[in-house]
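Got a few minutes and a structure viewer open? Here is a set of exercises to work through at the bench or at your desk. Try each task before reading its solution.

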Amino acid sequence: MGLYTGVLGIAYSPDQLRRLGGPPPRCWRDLLEPRFERQVMMGNPTSSGTGYLILSALTQLFGEDAAIDYLKGLHRSIAQYTHGGRGSIENLVRGEVAVAIGFLHDANTARERGAKLEFVLPCEGTPAEIGSLSLIAGAANTREAVQFYEWALTPEAQTLARQASAFQWPSNRKVPPDPRMPVADLDKVIAYDHIRFGSSGVRKRLLTRWINEVNVPDNE
């Protein structure tokens with residue numbers, strides 16, 4: 001069952017963008033502009049769930065071949081594929097790049113700590129992740145696991161996340177809204193196909209194409 005959801009998008013540093021010139025990115029395709037060469041970070045799809053979400057969501061939005069072509073172009077803008085998705089936001093905060101592809105809640109957490117970041121949901125559409133809980137069949141301490149599971153789904157438990165600057169959208173609708181969690185442009189969030197892209201066959205094919213066609217020296 002889902003515990004929270006988090007929306008993927010584009011975070012950027014206004015200070016870094018002033019150095020590069022031009023308006024902030026508003027769409028996925030804006031990141032292909034020459035001014036963003038080596039100025040973007042994202043998670044590596046082979047090691048990062050965020051990175052795979054980017055790869056699969058673009059496939060859903062554009063079609064598989066068009067998504068691979070887009071990622072080939074984006075590769076020229078990439079300064080680093082981080083091991084985990086949150087790393088791209090953290091490196092953006094340190095001033096290593098101008099743009100990071102990541103989750104809105106991670107950008108919100110960085111802003112709570114004083115970072116000067118802005119965030120946009122791409123005009124073509126963007127997915128949302130689901131953070132879930134699972135009970136493992138046959139595991140020890142099942143009774144305690146069920147108790148924790150039931151507690152984690154309560155509004156009281158999910159409200160505690162805000163105290164730790166965790167700004168994912170909670171699954172329990174009784175959790176009161178937080179003004180630090182923007183809700184504008186949520187109409188751009190697509191109905192991501194979790195079943196299709198959770199398939200091991202589809203995942204293997206997309207990752208193989210990314211390794212062999214995108215993350216290769218010929219695209220430098």
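The exercises below go through a predicted model, one topic at a time.

**Exercise 1. The disulfide**

Task: Find which cysteines are joined by a disulfide, and work out which parts of the chain they link.

Solution:
- Start with the sulfur atoms. Those of C27 and C123 sit 2.0 Å apart, and the pair is joined as a disulfide. The cut-off to apply is 2.5 Å between cysteine sulfurs, and by that rule the model has one disulfide.
- Next, place the two partners. C27 belongs to the loop between α1 (14-20) and β2, while C123 belongs to the loop between β5 and β6. With these positions 96 residues apart, the pair links distant parts of the chain.
- Now look along the S-S bond: the angle about it is 120°, and the link between C27 and C123 is right-handed.
- Finally, check accessibility. C27 comes out at 16%, so it counts as buried. C123 comes out at 42%, so it counts as partly exposed.

**Exercise 2. An asparagine in a loop**

Task: Say where N44 is placed, whether N44 is buried or exposed, and what N44 is in contact with.

Solution:
- Locate the residue first. N44 is in the loop that runs between β2 (40-43) and α2 (49-62).
- Then take its relative accessible area, which is 15%. Buried means under 20%, so N44 is buried.
- List its contacts, skipping neighbours within four places in sequence: you get G51, Y81, T82 and W210.
- Closer along the chain, the side chains of N44 and T46 share a polar contact of 2.6 Å.
- One more distance to pull up: the C-alpha atoms of N44 and N215 are 9.6 Å apart, although 171 residues separate the two along the chain.

**Exercise 3. Helix α2 and its partner α9**

Task: Describe how α2 and α9 pack, and which residues of the two helices meet.

Solution:
- Two numbers are needed here, because packed helices are described by the angle between their axes and the distance between the axes.
- For α2 and helix α9 (residues 200-214), the angle is about 100° and the axes are 11 Å apart. The two helices are therefore roughly perpendicular to each other.
- Now go to the residues. On the α2 side you'll find Y52, L55, S56 and T59; they meet V202, R203, L206, L207 and W210 of α9. Sorted by type, the residues of this contact are six nonpolar, two polar and one charged.
- While you're in α2, take a look at T50, which lies in this helix. T50 has 11% relative accessibility, so it counts as buried. Leaving out neighbours within four places in sequence, T50 is in contact with L8, G85 and F103.

**Exercise 4. An enclosed helix**

Task: Explain why α5 can be called largely enclosed, and name what covers its buried residues.

Solution:
- Count through helix α5 (residues 104-112): seven of its nine residues are buried, so the rest of the structure largely encloses this helix.
- The buried ones are L104, H105, D106, A107, N108, T109 and A110.
- Several elements take part in covering them, including β1 (2-12), α4 (85-93), β4 (99-103), β5 (118-120), β6 (128-132) and β7 (169-170).
- Pick D106 for a closer look. Its relative accessible area is 12%, so D106 is buried. Beyond residues up to four places away in sequence, D106 touches R86 and I89. With R86 there is also a polar contact of 3.5 Å between the side chains.
- After the end of α5 comes G114, with a positive phi near 105°.

**Exercise 5. Positive phi without glycine**

Task: Which phi values do R38 and S165 have, and where are the two residues found?

Solution:
- Background first: most residues other than glycine have a negative phi.
- R38 has a positive phi near 60°. R38 is found in the loop between α1 and β2, and with 30% relative accessibility it counts as partly exposed.
- S165 also has a positive phi, about 55°, and is not a glycine. Look for S165 in the loop between α7 (155-163) and β7. Its relative accessible area is 17%, so S165 is buried.

Note on methods: Residues are numbered from 1 along each chain as its sequence is written. This is a predicted model: local features need pLDDT of at least 70, side-chain atom pairs count only at pLDDT 80 or more; totals for chains, interfaces and linings use all residues. Side-chain values use heavy atoms; hydrogens and water are left out. Helices (H or I, at least four residues) and strands (E, at least two) are DSSP runs, numbered from the N terminus. Buried means under 20% relative accessible area, exposed over 50%, partly exposed in between (1.4 Å probe, protein chains only). Contact means heavy atoms within 4.5 Å. A polar contact is a pair of N or O atoms within 3.5 Å; within protein, one must be able to donate a hydrogen and the other to accept it, and residues adjacent in sequence count only if both atoms are side-chain atoms. Axes are lines fitted to C-alpha atoms, for helices over the stretch in contact, and angles run from 0 to 180 degrees between N-to-C directions. Angles under 35 degrees count as roughly parallel, over 145 as roughly antiparallel, 65 to 115 as roughly perpendicular and the rest as oblique. Ala, Val, Leu, Ile, Met, Phe, Trp, Tyr, Cys and Pro count as nonpolar, Asp, Glu, Lys and Arg as charged, and the others, Gly among them, as polar.
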